[in-house]
Amino acid sequence: MDNNATTRVDPRVLGAMLPYFSEQYGNAASNSHTFGWTAGDAVDKARTQVAELIGADPSEIIFTSGATEADNLALKGVAEAYAEKGNHIITTAIEHKAVLDTAKHLEREGKSVTYLPVDQYGMIDLQQLKDSITERTILVSAMYGNNEIGTLDNIDEIAEICHERGVIFHTDATQAIGKIPINVKTQKIDLMSLTAHKMYGPKGIGALYVRRKEPRVRLALQMDGGGHEHGMRSGTLNVPGIVGFGEACQVCSQEMERDRAHTQGMRDRLWEQIQATVPDVSLNGHPTQRLSNNLSIAIRGVDADALLASLSGVALSTGSACTSASVAPSHVLLALPNAAQVIGSSIRLGVSRFTTKAEVDQVASLIAPAVARLRGVAAVTP
Ligand SMILES: *Cc1c(COP(=O)(O)O)cnc(C)c1O
């Protein structure tokens, strides 16, 4: 139940990857023998699969080690390449730490960063975004789907505003990719971060989409070396990972509607059962404009850490895996106007393509008595 932190590798993805560890172990940059050519062809195929899922050209996909690296490359790459144009970046208070910590790093280097607040649903105010853009603004980075509270922000409108003002628009689409249709061309996205392991692919591989025309986005490289990936990201390509990422994209393209219906069905079933058995529970994030697989809830008066401890047989979290690694309260919940009511009492549940009704029912049946115990009251029976 923690599929917003990572997902199981789909058996079809694993099957596609396996030959590239042992039989086909070539370096995709070796151009003097078949091992290299075979690896190179596999990378080309995967690049096309990734590009097709998001409506990009294969030449616009830069493979990275994941979304953290893609976010770093996007923000630092633009900040450096457009330094003569301006020094101002706009982002939001609820971004993933991969964006927020990179923005802090750039602030220490003298850049100016605006962190837009969010409303009770976790959405930014479009007028406030417009008002924040100045002559010196070079980049807006706003996430597509929030990894803690599941909100899908109004990305099309945000992109349109940036486009009109000639500001580059980056979105961390890690949670949304493969779950909802995304087209970087029609949606006017200039830079987009992706990772395989949130969409049934392997860990340690992801990509940055970099628009090549209208406008052509320039990036200062962050990794010097052999000039791989159009010189934007040197390093021997992770061929099995890339093949798995490509296959994961292909499966998501084909099964997106089925996956959405399934995860939403499981998520809603879970939420209905929790609402029926747990009094004083509320949803965090937007009620409808949200990731189909995410349920973030606040259980009034209940300590979320104590709840998780008493549900030791269930894999749950209070926030994102990255934020959970520190003891600080979630910066996402803190940014909500009703933070005081939800901090400390919120848990996140994330279902997947593989989640079954039996699992949902079991989890729901464990939560109600655990909450009742912590509240010192008798459990509600469904
Ligand atoms: C998981 C996640 C990341 C980090 O991705 P990695 O590939 O693990 O580096 C970044 N942004 C969001 C929104 C995420 O959910």
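1. Contact here means heavy atoms within 4.5 Å. The structure under review is a predicted model, and the points below take up its two sheets and the helices that lie against them or against each other.

2. Helix α2 spans residues 34-54, and helix α7 covers residues 239-277. Two packed helices are described by the angle between their axes and the distance between the axes. For α2 and α7, the axes come within 8 Å and cross at roughly 35 degrees. The crossing of α2 past α7 is left-handed.

3. Which residues bring α2 and α7 together? On the α2 side they are A39, A42, V43, A46, Q49, V50 and L53. On the α7 side they are V239, I242, V243, F245, G246, E247, C249, Q250, C252, S253 and M256. By character, the residues of this contact comprise 13 nonpolar, 4 polar and 1 charged.

4. Helix α7 also lies across a sheet, reaching β8, β9 and β10. Its direction makes an angle of about 15 degrees with β9. The reader may therefore follow α7 from its contact with α2, where the definition of contact is heavy atoms within 4.5 Å, to the strands described next.

5. The sheet beneath consideration is open and has 3 strands in the order β8-β9-β10, with antiparallel pairing. Its edge strands are β8 (281-283) and β10 (346-350), each of which pairs on one side only. On average, neighbouring strands of this sheet are turned by 30 degrees against each other, direction ignored.

6. Within that sheet, β8 and β9 (residues 294-299) run antiparallel and are joined by 3 bridges. L283 has I297 of β9 standing opposite.

7. A second open sheet holds 7 strands in the order β1-β7-β6-β5-β4-β2-β3, and its pairing is mixed. Why is one side of β1 and of β3 left without a neighbour in the sheet? Both β1 (61-64) and β3 (112-116) stand at the edges with a single partner strand each, so one side of each is unpaired in the sheet. From one strand to the next, the twist averages 20 degrees.

8. At the β3 end of the order, β2 (residues 88-92) pairs with β3 in the parallel sense over 5 bridges. Opposite I89 stands V113 in β3.

9. Helix α4 (residues 97-108) lies across four strands of this sheet: β2, β3, β4 (137-141) and β5 (168-172). With respect to β3, α4 runs at about 150 degrees.

Notes: Residues are numbered from 1 along each chain as its sequence is written. This is a predicted model: local features need pLDDT of at least 70, side-chain atom pairs count only at pLDDT 80 or more; totals for chains, interfaces and linings use all residues. Side-chain values use heavy atoms; hydrogens and water are left out. Two strands pair if DSSP finds at least two bridges between them. Helices (H or I, at least four residues) and strands (E, at least two) are DSSP runs, numbered from the N terminus. Axes are lines fitted to C-alpha atoms, for helices over the stretch in contact, and angles run from 0 to 180 degrees between N-to-C directions. A crossing is left-handed if the near helix is turned anticlockwise from the far one by less than a right angle, and right-handed if clockwise. Ala, Val, Leu, Ile, Met, Phe, Trp, Tyr, Cys and Pro count as nonpolar, Asp, Glu, Lys and Arg as charged, and the others, Gly among them, as polar.
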